[in-house]
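I opened a new structure today and kept notes on what I looked up. The entries follow the order in which I went through it.

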Amino acid sequence: MASGSFIGYTNNQYITPRILWSSTPNAATNTSDVTVTFQLMKSSSSSSSTYGIGAWTININETTYNFGPTITIPANGTYVTVYQKTVTGIPHNTDGTKRMYIGVSGGISGTTYTSTTIY
């Protein structure tokens, strides 16, 4: 099983987005199941929580998923999971390798947080 994480940025200096990913390969079918988790963290140096209705798009292996949960991000420096998606049976190349794109864009309406860039 392979896994990793990467951090992006927003237009709000206090909010940091992060993507966690993991993949479980199946050698018999030359595929993998991939789980992607999108999280947000608000710095404890901020004075208040951020809350509202999110509007994000996540792209996993050239397939787009839209999600818009109501979310609260406390100003405590702890990551909050916004969305998690598992995609099963992603085919590998004939030599067993696979490169894929994972990206998120969006924001929370009614707040100063209006953009996420992470890929």
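These notes cover the core, the aromatic rings, the strand pairing and one tyrosine, all in a predicted model.

**Entry 1: the core.** I started with the largest nonpolar core, which has 22 residues. I looked for the members that touch the most other members, and found F38, L40, W56, I58, I71 and V82. Next I asked which strands each supply at least two residues of this core. The list I wrote down is β3 (15-26), β4 (31-42), β5 (50-60), β6, β7 (70-73), β8 (79-91) and β9 (102-108). The strand that gives the most is β8, with five residues. As background, I noted that nonpolar side chains in soluble globular proteins tend to be buried together.

**Entry 2: V82.** I took V82 from the list of core residues that touch the most other members. Leaving aside neighbours within four places in sequence, I found V82 in contact with F38, Q39, L40, W56, F67, P69 and I71.

**Entry 3: aromatic rings.** How many aromatic pairs does the structure hold? I counted four. I looked up F38 and F67 and found their ring centres 6.1 Å apart. Their planes stand at 70 degrees, and edge-to-face needs over 60, so I noted the pair as edge-to-face. F38 lies in strand β4 and F67 in strand β6, so this pair ties together parts that are 29 residues apart in sequence.

I then checked whether these rings are buried or exposed. F38 has a relative accessible area of 0% and is buried. F67 is buried as well, with a relative accessible area of 9%.

F67 also pairs with W56. Here the centres are 5.8 Å apart and the planes are 20 degrees from each other, and I wrote the pair down as stacked. W56 lies in strand β5 and F67 in strand β6, so the pair ties together parts that are eleven residues apart in sequence. W56 is buried, at a relative accessible area of 2%. I closed the entry with the cluster: F38, W56, F67 and Y83 form one aromatic cluster.

**Entry 4: a charge over a ring.** I looked at Y79 and found R18 over the face of its ring, at 3.8 Å from the ring centre.

**Entry 5: the pairing of β5.** I followed β5 to its partners. β5 and β7 run antiparallel and are joined by four bridges. I53 stands opposite T70 of β7. β5 and β9 also run antiparallel, joined by seven bridges. There I noted T57, whose bridge partner in β9 is S105. With β6, β5 pairs in the antiparallel sense over five bridges. β5 and β6 form a hairpin with two residues between them. In that turn, N61 has a positive phi of about 55 degrees.

**Entry 6: Y65.** Which residue of β6 does I58 stand opposite? I found Y65 there. Y65 sits in strand β6, which spans residues 63-67. Is Y65 buried or exposed? Its relative accessibility is 18%, and the cut-off for buried is under 20%, so I entered Y65 as buried.

I listed the contacts of Y65, leaving aside neighbours within four places in sequence: W56, T57, I58, I60, Y83, K85 and V87. For K85 I also noted the C-alpha separation from Y65, which is 8.9 Å. Y65 and K85 are 20 residues apart along the chain.

Notes: Residues are numbered from 1 along each chain as its sequence is written. This is a predicted model: local features need pLDDT of at least 70, side-chain atom pairs count only at pLDDT 80 or more; totals for chains, interfaces and linings use all residues. Side-chain values use heavy atoms; hydrogens and water are left out. Buried means under 20% relative accessible area, exposed over 50%, partly exposed in between (1.4 Å probe, protein chains only). Contact means heavy atoms within 4.5 Å. A nonpolar core is a set of buried Ala, Val, Leu, Ile, Met, Phe, Trp, Tyr and Cys residues joined through side-chain atoms within 4.5 Å. Rings of Phe, Tyr and Trp (its six-membered ring) pair if their centres lie within 6.5 Å; planes under 30 degrees apart count as stacked, over 60 as edge-to-face and the rest as tilted. A charge sits over a ring if NZ of Lys or CZ of Arg is within 6 Å of the ring centre and within 35 degrees of the ring normal. Two strands pair if DSSP finds at least two bridges between them.
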